[in-house]
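Biologist: Please take a close look at one part of this model and describe it in detail. I should like to know how that part is built and what surrounds it.

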Amino acid sequence: MTAAGTAGSTQDEVRRHNVSTLLRYVHVHGPTSRAELTTVMQLNRSTIGALTADLSQAGLVREQVPARSAGSGAGRPSLVVCPRPERVYVFAYDIGVDYLIAARVGLGGSILDRRELHRLRGDYALEDVTAHLARFTAEMLGRAEPGSVCVGVGVAIAALVRESDGQVRYAPNLGWVDEPLGTTLAEMLGLHGMRAKIAVANDADLGALAENVRGAASGSTDAVYLTGEVGVGAGIIVGGKPLRGAGGYGGEIGHTVVNPAGRLCRCGARGCWETEIGEKAILDAAGHPDGPRSTVSAVVAAAAGGDPRALAAMRHVGEWLAIGVGNVVNIFNPEVVIFGGLLRDVFPAVEQQLRTTLATTGLAAPREQVRLVTPGLGPDSTLVGAAELAFEPLLFDPVDLTRSLRA
Ligand SMILES: [Zn+2]
């Protein structure tokens with residue numbers, strides 16, 4: 001991440017840019033000494049001091065004497081600038097086909113509180129989902145520190161989402177078509193007196209964002225985050241920027257047709273990639289068509305133990321995974337492909353086969369450059385991505401946003 005404190009044409013714009021850069025740096029990297037900030041932002045000490053004072057006054061950071069230097073007598077130590085999660089936080093929601101997760105995430109990225117609900121796969125109504133999230137939110141609000149402020153709300157969902165208002169245009173595995181998720185959540189949070197902006201985005205895009213900011217794709221300019229659950233999606237970063245498409249609906253890699261003779265997909269097409277590597281494909285191949293999600297882990301374990309049917313299921317997934325990943329490698333030439341969601345569980349079991357088959361499906365030049373890994377953030381990539389999305393308005397204009405929300 002580049003942190004040089006430049007750009008902006010007027011003095012005020014320069015100040016805004018620098019205060020944003022500084023807060024973003026400590027949000028991502030954690031407590032940072034003024035000396036280090038001076039180096040990474042290429043600004044002088046007094047400017048760093050003034051920016052820190054602005055952020056400190058807004059309640060966004062605090063400064064402390066570094067523990068090791070305290071009382072050492074070796075000159076005045078450089079103060080350490082720390083984000084204040086106890087004062088400033090966001091709500092992050094991850095809406096899956098068979099789970100709901102809500103979390104209160106503090107500035108700096110720490111998960112302060114979380115609630116989860118796991119249930120059977122199904123076509124749940126919008127009101128059912130938002131009612132659970134409302135209950136979780138009320139519980140977590142009740143435990144927040146007095147005087148702390150919610151500066152944003154981010155939502156991850158396996159769906160095509162209209163960015164402007166969080167309208168879910170299409171979520172085949174939830175059975176949703178044109179559901180007003182963003183506005184319904186806004187009404188719900190308004191009941192709690194919250195004024196923070198709500199941003200809704202595709203779960204794979206947010207997984208990619210989180211892994212790029214603080215996970216396995218940290219420092220990468222070209223990365224692909226694959227999430228496999230009931231459906232399969234991709235968050236794609238090209239040249240340091242998320243690949244969105246004209247309407248923000250790009251990356252629906254699960255619905256690229258890989259097997260025209262294959263099964264019908266819930267999108268209406270036949271032989272989509274997710275019909276070969278998604279949860280249903282794994283459970284069907286393993287002989288547990290109606291098992292819950294946890295059955296996938298059991299299949300992976302059974303394959304490790306030599307169970308023939310489980311091994312065959314893993315071989316099936318490994319083969320089709322390699323076909324799709326070959327396409328990804330050939331099209332995008334990514335530095336890293338991250339296997340998230342359910343694929344995180346499956347990846348170790350199929351890694352060898354995947355790499356072997358990829359030697360024929362992926363062209364040598366891009367294949368030699370790609371790392372195949374599981375998420376640095378474990379199972380929380382999409383949730384953390386929702387939090388990062390929610391923090392974006394604050395990080396863009398920290399002082400003014402904080403002032404307006406506290407007013
Ligand atoms: Zn499809």
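Modeller: Helices (H or I, at least four residues) and strands (E, at least two) are DSSP runs, numbered from the N terminus. Residues are numbered from 1 along each chain as its sequence is written. The model is predicted: local features need pLDDT of at least 70, side-chain atom pairs count only at pLDDT 80 or more, and totals for chains, interfaces and linings use all residues.

I shall concentrate on helix H13, which comprises residues 381-396. The expected span of a helix is 1.5 Å times one less than its number of residues. For the 16 residues of H13 this gives 22 Å, and the end C-alpha atoms are 22 Å apart, so the two values agree. H13 nevertheless has a kink of about 35° at Ala390, shortly before the proline Pro393. The bend at a residue is the angle between axes fitted to the seven residues ending there and the seven starting there.

A residue is buried if 20 or more other C-beta atoms lie within 10 Å of its own, exposed if 12 or fewer, and partly exposed in between, with C-beta atoms placed from the backbone. By this criterion H13 is mostly covered, with 12 of its 16 residues buried. Among them are Ser381, Glu388, Phe391 and Leu394, as well as Ala390, the site of the kink.

H13 packs against helix H1 (residues 11-29) at an angle of about 145°, with their axes 8 Å apart. Here axes are lines fitted to C-alpha atoms, for helices over the stretch in contact, and angles run from 0 to 180 degrees between N-to-C directions. H1 contributes Ser20, Leu23, Arg24 and His27 to the contact, and H13 contributes Phe391, Leu395 and Phe396. Two residues are in contact if their C-beta atoms, placed from the backbone, lie within 7 Å. By class, four residues of this contact are nonpolar, two are polar and one is charged. Ala, Val, Leu, Ile, Met, Phe, Trp, Tyr, Cys and Pro count as nonpolar, Asp, Glu, Lys and Arg as charged, and the others, Gly among them, as polar.

Ahead of H13 in sequence, Thr374, Pro375 and Pro379 are in contact with Arg344, as is Phe339, leaving aside the neighbours of Arg344 within four places in sequence. Arg344 itself lies in helix H11 and is partly exposed, with 19 other C-beta atoms within 10 Å. Its C-alpha atom is 43 Å from that of Glu13, and 331 residues separate Arg344 and Glu13 in sequence.
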